[in-house]
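Thanks for making the time this morning. I would like to take you through the empty spaces in one model, then a helix pair, and finally a few backbone details.

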Amino acid sequence: MVAIVLTVTACLMARSRALVVKGEGDALTTELAEEVLANPEQDLPPPWDVIVNTPSDRDVGTVTEHPFAPAYELEVAESSLETTGTPAVAIRRILVAETRNATQPPPSYRTGGVGGRAVRHLNGVENPTGATTVWGWQRHRYFALKAWMDTKGDADLMAVHASGEVLFAGCDESTVLSKYNQIIAANGGTQTIVMAAEVSPLHADMGASYELRASVVDALRTGCLTAEGVATDWATIHAACSTGYCDSPPKYQFANPSFIMGPVGDIKEMLADMPTWADTENRLINQYYLRNTDKVALDFAGVLVMSLHNMKLEDTTTGIPVEVEVVSGSKVIKNKVTGNPVCFVHGTGTSFSTLKGLAQELLS
């Protein structure tokens, strides 16, 4: 096992050397690509400080009353673009501090997987269940992010993206900011938060919630795509929709919390219910978006971030909507829908193997 780990580490180091850092953002390209390739794709362990089937691990009550284990202390890690001077936007992701492991459920979570490990006790009770473990990690991530946000001013601009399932390439800070402003303008100009979009919500029943707000969301989507010069049916060409819920024809219109950017105070407000929230963060954020389309803009065209789950993944004209290119000696990820580079790419569920292929291309 040690030999295998050393071999994988050596391969990642070799890939790092293959990509020469030429400019702003190139180091983050390497860092996130390696993080994707190192993703073990395993269910999350219970994060609480418990020794199973001992008096400290009670069969009465809930394991969630325990504190989080010291081994799973979290770091709000900087996704640095190495911008000259003080960065205008603080980009972060949340990792396990000791191991630098990702803190998201494995990619299979989006295709029906449990996502977290359950613990079966001597009396036959499962405490926590797999779903509770996933919920525990989302709370753990939230409290770590909240503590970091509390050190910032409400007007400070931040972005937070998922760990272990996001790639970056081809953008400097000015490009990120320009795309952020472009998306807000195309959505009507009142919003301050920009989020990724996707063709399928994490929970299939969220489709009904979007149907109830169809006139509002569809007007925003078509208006945004028209303003950006993108065909309003682009997702129909690229979507596969092999699992979960999709519109018919598919629409790239569901909020995806894998990437959130905006003023710290506004993101705090969006996440304010998390301490008492008994469901998933995806449901909370999608519901917040549907109630606050004047505050949150979705990236309907993948200008800043593209989500690949439930997309056609074969590399053809009508398949995967992104591709790696070399521009002026640096790797970029081109959005084939807009014809321009996209800064971030999110891939989980059906698309994680494709995301790993893109990571290998970025490091080659």
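What you have in front of you is a predicted model, and when the whole structure is searched for cavities of 30 Å³ or more, one is found. The largest cavity holds about 500 Å³ of space, and among the 31 residues that line it, those nearest the centre are Gln104, Arg141, Pro257, Glu281 and Asn282. If you want to find the lining by element, α3 (130–149), β3 (157–161), β6 (254–263) and α9 (281–291) each contribute at least two residues to it, and α3 has the largest share, with five. In terms of class, the lining of the largest cavity consists of 16 nonpolar, eleven polar and four charged residues.

Let me turn from the cavity to a pocket. The second largest pocket has a volume of about 230 Å³, and of its 19 lining residues, Pro87, Val89, Ala90, Ile91 and Arg92 are the closest to the centre. Strand β2, which covers residues 89–96, gives the most to this lining, namely four residues, while the lining as a whole comprises nine nonpolar, four polar and six charged residues.

Now the helix pair. How do the axes of α2 and α10 cross? Helix α2 (residues 26–38) and helix α10 (residues 352–363) have axes that come within 9 Å and cross at roughly 140°, and therefore α2 counts as oblique to α10. The crossing is left-handed. On the α2 side, the contact is made by Thr29, Thr30, Ala33, Glu34, Val36 and Leu37, and these meet Phe352, Leu355, Lys356, Ala359, Gln360, Leu362 and Leu363 of α10. Sorted by class, that contact has eight nonpolar, three polar and two charged residues.

I will end with the backbone. The peptide bond leading from asparagine 127 to proline 128 is cis, with omega near 10°, and proline 128 sits in the loop between β2 and α3. Serine 248 and proline 249 are likewise joined by a cis peptide bond, with omega about 0°, and here proline 249 belongs to the loop between α7 (234–238) and β6. Lastly, glutamate 41, in the loop between α2 and β1 (74–78), has a phi near 55°, which is a positive value in a residue other than glycine.

Key
Residues are numbered from 1 along each chain as its sequence is written. This is a predicted model: local features need pLDDT of at least 70, side-chain atom pairs count only at pLDDT 80 or more; totals for chains, interfaces and linings use all residues. Side-chain values use heavy atoms; hydrogens and water are left out. On a 1 Å grid over the protein atoms alone, a cavity is a set of points where a 1.4 Å probe fits but cannot get out, and a pocket is an open set with protein on both sides within 12 Å along at least five of seven lines; lining residues have an atom within 4 Å of a point. Grid points are joined across faces, edges and corners, and a volume is the space filled by probe spheres set on the points. Ala, Val, Leu, Ile, Met, Phe, Trp, Tyr, Cys and Pro count as nonpolar, Asp, Glu, Lys and Arg as charged, and the others, Gly among them, as polar. Axes are lines fitted to C-alpha atoms, for helices over the stretch in contact, and angles run from 0 to 180 degrees between N-to-C directions. Angles under 35 degrees count as roughly parallel, over 145 as roughly antiparallel, 65 to 115 as roughly perpendicular and the rest as oblique. A crossing is left-handed if the near helix is turned anticlockwise from the far one by less than a right angle, and right-handed if clockwise. Contact means heavy atoms within 4.5 Å.
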